[in-house]
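Open the model in your viewer and keep the sequence panel beside it. The stops below say what to select and what is there.

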Amino acid sequence: IVGVDGAALTIVDGSSLGASGFTFPSASKVILLRGLTIRNCSAALLGGGINCSNSSVTVDRCVIENCHSPYYGGGMAVINASPAITNCVFLGNSAAYDGGGIYLSSSASILDSCVFHGNAAVGNGGGIGLINGTPQFRNCTANANTAGTNGGGVYIGASGNPILARCLVTSNTSGGGIYGAAGAGATIACCDVYGNGANYGGSIADRTGADDNISEDPLYCGP
């Protein structure tokens with residue numbers, strides 16, 4: 001499913017739909033979503049914009065905005081699946097529990113060059129919430145997200161052990177930058193974690209100064 005004119009001109013608007021924008025159940029074929037804006041979708045259960053469960057999906061150059069889940073994954077929920085997610089923007093999504101921008105459970109997804117901005121979770125993980133998995137985040141930005149409990153930027157639940165490399169985790173509020181529940185871990189390298197109140201918390205010790213991690217104002221160009 002490709003928006004040949006790009007995400008700015010190819011819009012899937014789920015206003016009044018009452019369901020996820022896209023739902024991908026168990027399947028053996030690889031499905032491609034590229035160049036779409038998915039907005040104003042509201043899931044009955046998981047994944048307001050995209051619900052990916054036991055399926056193979058590649059999501060590239062998409063914008064997922066203003067979507068909601070009454071449970072997990074306002075923008076996208078990934079359950080027992082490992083989609084490739086590249087060059088995507090998760091903007092202003094919300095979840096009533098965890099993972100305002102994205103929620104991953106039992107996933108080894110690779111997310112590269114994605115932005116999570118202005119997402120919110122009533123529970124944990126305003127930008128990113130994950131549990132029981134080893135996803136990788138490369139060149140990603142989590143900025144100005146909010147969580148009601150822990151992990152305004154990134155929340156790592158029990159048995160979660162992600163890799164964050166060359167990421168920015170900045171200015172996330174009401175839950176801090178990167179928070180780990182008991183039994184959670186993370187490999188964090190070449191990241192800038194700055195201005196989150198508490199930059200690290202829970203089982204994730206402060207990594208500033210180790211593995212080329214810093215805590216400096218990234219001086220974003222935009223407003």
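Begin with the surface of the whole chain: the accessible surface comes to about 8,900 Å², and 54% of it belongs to carbon and sulfur atoms. Accessible areas come from the Shrake-Rupley method with a 1.4 Å probe, and for residues only the protein chains shown count as cover. The model is a predicted one, in which local features need pLDDT of at least 70 and side-chain atom pairs count only at pLDDT 80 or more, while totals for chains, interfaces and linings use all residues. Residues are numbered from 1 along each chain as its sequence is written, and side-chain values use heavy atoms, with hydrogens and water left out.

**Whole chain**

Switch to a cartoon view. The chain has 27 strands and zero helices; both are DSSP runs numbered from the N terminus, helices being H or I with at least four residues and strands E with at least two. The radius of gyration is 16 Å, close to the 17 Å that the globule rule gives for 223 residues, so the chain is as compact as a globular protein of that length. That radius is taken over C-alpha atoms, and the rule is 2.2 Å times the number of residues to the power 0.38. Along its principal axes, the C-alpha trace spans about 45 × 35 × 30 Å.

Of the 223 residues, 48% are buried (under 20% relative accessible area; exposed is over 50% and partly exposed in between, with a 1.4 Å probe and protein chains only). Among contacts (heavy atoms within 4.5 Å) with a separation of 6 or more, 76% join residues 24 or more positions apart.

Now colour by charge. The 7 positive and 12 negative charges have mean positions 12 Å apart. Lys and Arg count as positive, Asp and Glu as negative, and His and the chain ends are not counted; each charge is placed at NZ of Lys, CZ of Arg, CG of Asp or CD of Glu.

**The core**

Select Val59, Met76, Ile85, Ile102, Leu111, Phe137 and Ile178. These touch the most other members of the largest nonpolar core, which has 42 residues. Such a core is a set of buried Ala, Val, Leu, Ile, Met, Phe, Trp, Tyr and Cys residues joined through side-chain atoms within 4.5 Å. Strands that each supply at least two residues of this core include S2 (22-24), S5 (50-53), S6 (56-60) and S9 (76-79). Further along, S13 (102-105), S17 (128-131) and S21 (154-156) do so as well. In soluble globular proteins, nonpolar side chains tend to be buried together.

Which residues does isoleucine 85 contact, leaving aside neighbours within four places in sequence? They are Val59, Met76, Phe90, Ile102, Ile110, Leu111, Asp112 and Cys114.

Next, select valine 78 in strand S9. At 0% relative accessibility, valine 78 counts as buried. Beyond four places in sequence, its contacts are Cys52, Pro83, Ile102, Tyr103, Leu104, Ser105, Ser107 and Ser109. Draw a distance from valine 78 to leucine 130: the C-alpha atoms are separated by 9.2 Å, with the two positions 52 residues apart along the chain counted as their separation.

**Two loops**

Go to the loop between S21 and strand S22 (163-165), where serine 159 is found. Phi of serine 159 is near 65°, a positive value in a residue other than glycine. Most residues other than glycine have a negative phi. Asparagine 161 lies in that loop between S21 and S22 too, and is partly exposed at 39% relative accessibility. Apart from residues up to four places away in sequence, asparagine 161 touches Gly133, Thr134, Ile156, Gly185, Ala186 and Thr187.

Move to cysteine 190, in the loop between strand S25 (187-189) and strand S26 (192-194). Cysteine 190 also has a positive phi, about 60°, and is partly exposed at 40% relative accessibility.

**Towards the end of the chain**

Select glycine 201 in strand S27 (residues 200-202). Buried or exposed, given the relative accessible area of glycine 201? Glycine 201 is buried, at 15%. Outside four places in sequence, it is in contact with Ile178, Tyr179 and Gly180.

Finish at arginine 207, in the segment after S27. Arginine 207 touches Ala186, Ile188, Tyr200 and Asn213, not counting residues up to four places away in sequence. The C-alpha atoms of arginine 207 and lysine 29 are separated by 40 Å.
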